[in-house]
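Student: I would like a close look at a single part of this protein. Please choose one stretch and follow its links outward.

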Amino acid sequence: MSVSAWVAVLLGVVLVGTVVALLDATRRLREVSAERDELRDRATSVTVEERPRAVQAAGVAVRTAMDTVARLRQQGVRGMLVSSIEDLTAWALEDRSEIVRVADEDGNVTIMFSDIEGSTALNEELGDEAWLTVLRAHDKVLSRAFDQHRGHVVKTAGDGYMVVFSTPGLGIAAAMDVQRALERERVPRALRQHPVRVRIGLHTGRAVERDGDWFGRNVAMAARVANTAAGGEVLVSTELAARLKEAGGDDGWTLEQTEPLVLKGLPGEHTLWRVER
């Protein structure tokens with residue numbers, strides 16, 4: 001067979017391979033798009049640990065198919081074959097629910113509860129109008145700290161907050177900023193006139209999201225830790241304390257172990273840790 005014939009055969013093989021690859025990429029793109037639509041419909045009914053993996057898999061698959069088509073156009077079959085996995089998985093997911101954005105790669109979140117110590121008595125003392133003024137000032141201080149440390153406010157109830165963070169370090173930093181801010185002289189005038197003491201508790205773990213609210217044992221644990229705290233105090237669970245120690249660094253605070261105690265609705269005794277400045 002002549003050289004020209006061999007070249008023609010090779011070109012034919014490359015052309016056929018390119019067409020097949022393009023058809024396969026198109027098919028995969030359609031399948032993954034349908035799967036991603038299904039994941040969106042189910043987004044509020046799956047657990048935290050399931051959702052990051054499921055959504056990430058769909059997103060990466062879509063990106064992979066699109067990147068395959070682009071590489072075929074620009075570089076041919078060889079360019080497609082030598083593309084690295086790192087290039088394909090580096091695409092950021094643009095369409096994720098709030099819980100997926102907050103959770104870390106293992107599906108864990110840091111959950112914070114806070115409220116004002118003795119709020120009912122203070123409301124009775126001040127009257128409703130003055131109490132609302134104090135609440136607005138309190139909300140302003142807390143919201144600033146949560147925003148600064150990328151906290152997601154799940155819900156509020158009166159003077160109480162439930163907030164989630166992607167890491168224990170961010171949660172602790174926000175909690176300590178709240179306590180420092182409330183002790184400063186340059187707080188809103190309502191808080192200078194009527195100081196409040198906020199109690200804060202944090203725990204870390206997986207949770208379940210439904211209709212914008214979060215549920216599960218770890219949510220209950222965080223709430224019980226907060227209920228144990230005194231005004232002006234930040235308490236954390238043993239699980240969160242362990243993760244902080246693994247991460248290293250203290251940013252100007254230390255952990256002080258408390259005596260084991262029983263938390264309502266949770267079996268056994270639990271050791272909590274007081275965050276000290």
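Tutor: Glutamate 117 is partly exposed, at 38% relative accessibility; that class lies between buried, under 20% relative accessible area, and exposed, over 50% (1.4 Å probe, protein chains only). The model is predicted, so local features need pLDDT of at least 70 and side-chain atom pairs count only at pLDDT 80 or more, while totals for chains, interfaces and linings use all residues. Residues are numbered from 1 along each chain as its sequence is written, and side-chain values use heavy atoms, with hydrogens and water left out.

Glutamate 117 has a charged partner. That partner is arginine 197, and the closest N and O atoms of this salt bridge are 3.5 Å apart. The term asks for a side-chain nitrogen of Lys or Arg within 4 Å of a carboxyl oxygen of Asp or Glu. Both residues sit in loops: glutamate 117 between strand 1 and helix 5 (119–126), arginine 197 between helix 8 (189–193) and strand 4. The pair therefore ties together parts that are 80 residues apart in sequence. Helices (H or I, at least four residues) and strands (E, at least two) are DSSP runs, numbered from the N terminus.

Now step back into strand 1. Aspartate 115 and arginine 199 meet there in another salt bridge, at 2.6 Å from N to O. Aspartate 115 belongs to strand 1 (residues 109–116) and arginine 199 to strand 4 (residues 198–205), 84 residues apart. Aspartate 115 is buried, with a relative accessible area of 19%.

The backbone joins these strands too. Strands 1 and 4 run antiparallel and share eight bridges; pairing requires at least two bridges found by DSSP. Valine 109, for example, has glycine 205 in strand 4 as its bridge partner.

Strand 4 also pairs with strand 7 (residues 234–237), in parallel, through three bridges. Here isoleucine 200 is matched with valine 234 of strand 7. Why is strand 4 described as largely enclosed by the rest of the structure? Because seven of its eight residues are buried.

How many salt bridges does a search of the whole structure find? It finds five. Glu233, Glu256 and Arg274 are linked in a network of them. Arginine 180 and aspartate 177 form one as well, with the closest N and O atoms 2.6 Å apart. Unlike the pairs above, this one stays within a single element: both residues lie in helix 7 (residues 168–183), three residues apart, about one turn of the helix. Arginine 180 is partly exposed at 29%, whereas aspartate 177 is buried at 18%.

Aspartate 177 leads to the largest pocket, where it is one of the lining residues, along with others including Lys140, Arg144, Val178 and Pro188. Helix 6 (128–148) and helix 7 are the elements that give two or more residues to this lining. Helix 6 gives the most, with five. The space inside is about 260 Å³.

Last, the setting. The protein has ten helices and eleven strands. Of its 277 residues, 43% are buried. Among contacts with a separation of 6 or more, 69% join residues 24 or more positions apart; a contact means heavy atoms within 4.5 Å.

Note on methods: On a 1 Å grid over the protein atoms alone, a cavity is a set of points where a 1.4 Å probe fits but cannot get out, and a pocket is an open set with protein on both sides within 12 Å along at least five of seven lines; lining residues have an atom within 4 Å of a point. Grid points are joined across faces, edges and corners, and a volume is the space filled by probe spheres set on the points.
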